[in-house]
Structures are given as structure tokens and as C-alpha cells.
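Hi,

Here's the structure I said I'd pass along. Have a look at it first, then read on for my notes.

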Amino acid sequence: MSRYFLPLLLFFTWIIRSQQMAPDTIHIKVTMKKQTENYTISEFSIDNDAVTGWFLERGRGTKFEERKAGSEKRIPPGMYEVVHNDCWKYYGPNWKAHRKTCYEEFRLLTRGYTENAGERDKILIHVGNYWWDSKGCILPGSTYHKNQRGEEIKRDIYTGKKDTIVHYTDMVKGSRSKIKKLKEYINTKIGQRKVNISATNGKNREVMPIFITLR
């Protein structure tokens, strides 16, 4: 037997085990399908297709922009921990006045888990259809549609005047129903404390979560 056989066997065994998720975790695998300066479209699958759907994120940025809070760019690829949005923690006892859908939402945690996301942390996964519905968060959807008409409403911070900008852009539909399915599935695993999300783009890009194997 070759003297290299045992070291190789141990090496490949380690690789296989390192890629297997612990039995008390939920794995959300995200694969990027399209990216532009405005938006990123990805498919996701939970626990080998127990739940599937689409994620819409903001567009690609520079390495610095994707790690900068407030940049309104997608988060970098990597693996992140996902938790339920803590309504009381972030919005207080009157949380419904701030975010009516808070109890349906999730957050990606980066601090303490990976330095890959830079200064960004607690990224929301929430309801939305178009890229301008996100400030850098992740929007789930049941279906993906190309070149759809949408209206972006912008408000002047000084005058309060609203301006409508028409876009023809890719978008997701069924966002609310999909985030409810995510929550229902995760709640069936309520005893499993950790939810891990990873993302790849199928082009040898490093493993992410997000959502986020969200690329």
C-alpha cells in the first residue's frame, strides 16, 4: 500500500465532512443567475429543495462597496448565520408602527461569524419586488420575471415632493408568500437553533450564504 494512501484518505474524508451541514442546521444554498449594476438575481434551495425560490438583491459593487454600510450594494459572497428578526430588540414595544412585517423577516449576521462582509451586519431578508425596494437587503420571491414595468417613487428630502421614475427591469413576484413559506419551514425546525446560508455563482466564486452557498 502506498505511503500516500492514508494521508489522502484522511484528506478527502475531511473535505466531505466539512461540506456536510450539522443535523441541527438548515442549509440555504443560493446560486447567482444574473447580475447587473442595479440588481442581482439568484435561485435558492433549502435542505435539498425542501423549499425553493428566488432572491433579488441590489447590484454588484466594488470589493469596498459591497463591504461598506449604506452603499446600497449586495453583500459579498460567503457563509452567514441567519436568525429571525428580533422586533423588540430593533424597534421596541411599538415595533408594528415601524415595521408591520417584522415578525415575518430574517437577518443575516456577519459580525463574529465572518470578516468577509466588512462593516455590514444584521442584513434584512424582507418582502419586496424590485431592486429599489432594497437598500442592500435580500428580497425573496416565488417567481422571476424579466423586463417588467415598475415605478420607483423618490421623495425630495427637502421639499417632500414625490417623483415617479418608470423602469423596465427584472423583478420577483410572490415575495410575501415565499417569505411565509421560509418561516413555516424554519419553524418546523424550531429546535434547530442555527440556520446557515451559503451562496455560489457556479463560476468558482467563493462560497457565500445568502442567502445568503446570498452567489
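Below are my notes on the nonpolar cores and on two backbone angles.

First, bear in mind that this is a predicted model.

Let's start with the packing. The largest nonpolar core has 20 residues, and the members that touch the most others are Phe44, Ile46, Phe106, Leu108 and Ile125. Strands and a helix both feed into this core: β1 (25-35), β2 (39-46), β3, β4, β5 (106-109), β6 (123-125) and α4 (175-188) each give two or more residues. The largest share comes from α4, with 4 residues. Another core lies apart from that one; it has 11 residues, including Ile41, Leu56, Trp132 and Leu139.

Now the backbone. Most residues other than glycine have a negative phi, so two spots caught my eye.

One is glutamate 72, where phi is positive, near 60°. Glutamate 72 sits in the loop that runs between β3 (51-58) and β4 (79-84). Is glutamate 72 buried, partly exposed or exposed? Its relative accessible area is 30%, so glutamate 72 counts as partly exposed.

The other is asparagine 147, again not a glycine, with a positive phi near 50°. Asparagine 147 is found in a strand, β8 (residues 143-155). Exposed means over 50% relative accessible area, and asparagine 147 comes in at 52%, so it counts as exposed.

If you open the model, those two residues and the two cores are what I'd pull up on screen.

Cheers

Definitions and conventions:
Residues are numbered from 1 along each chain as its sequence is written. This is a predicted model: local features need pLDDT of at least 70, side-chain atom pairs count only at pLDDT 80 or more; totals for chains, interfaces and linings use all residues. Side-chain values use heavy atoms; hydrogens and water are left out. Buried means under 20% relative accessible area, exposed over 50%, partly exposed in between (1.4 Å probe, protein chains only). A nonpolar core is a set of buried Ala, Val, Leu, Ile, Met, Phe, Trp, Tyr and Cys residues joined through side-chain atoms within 4.5 Å.
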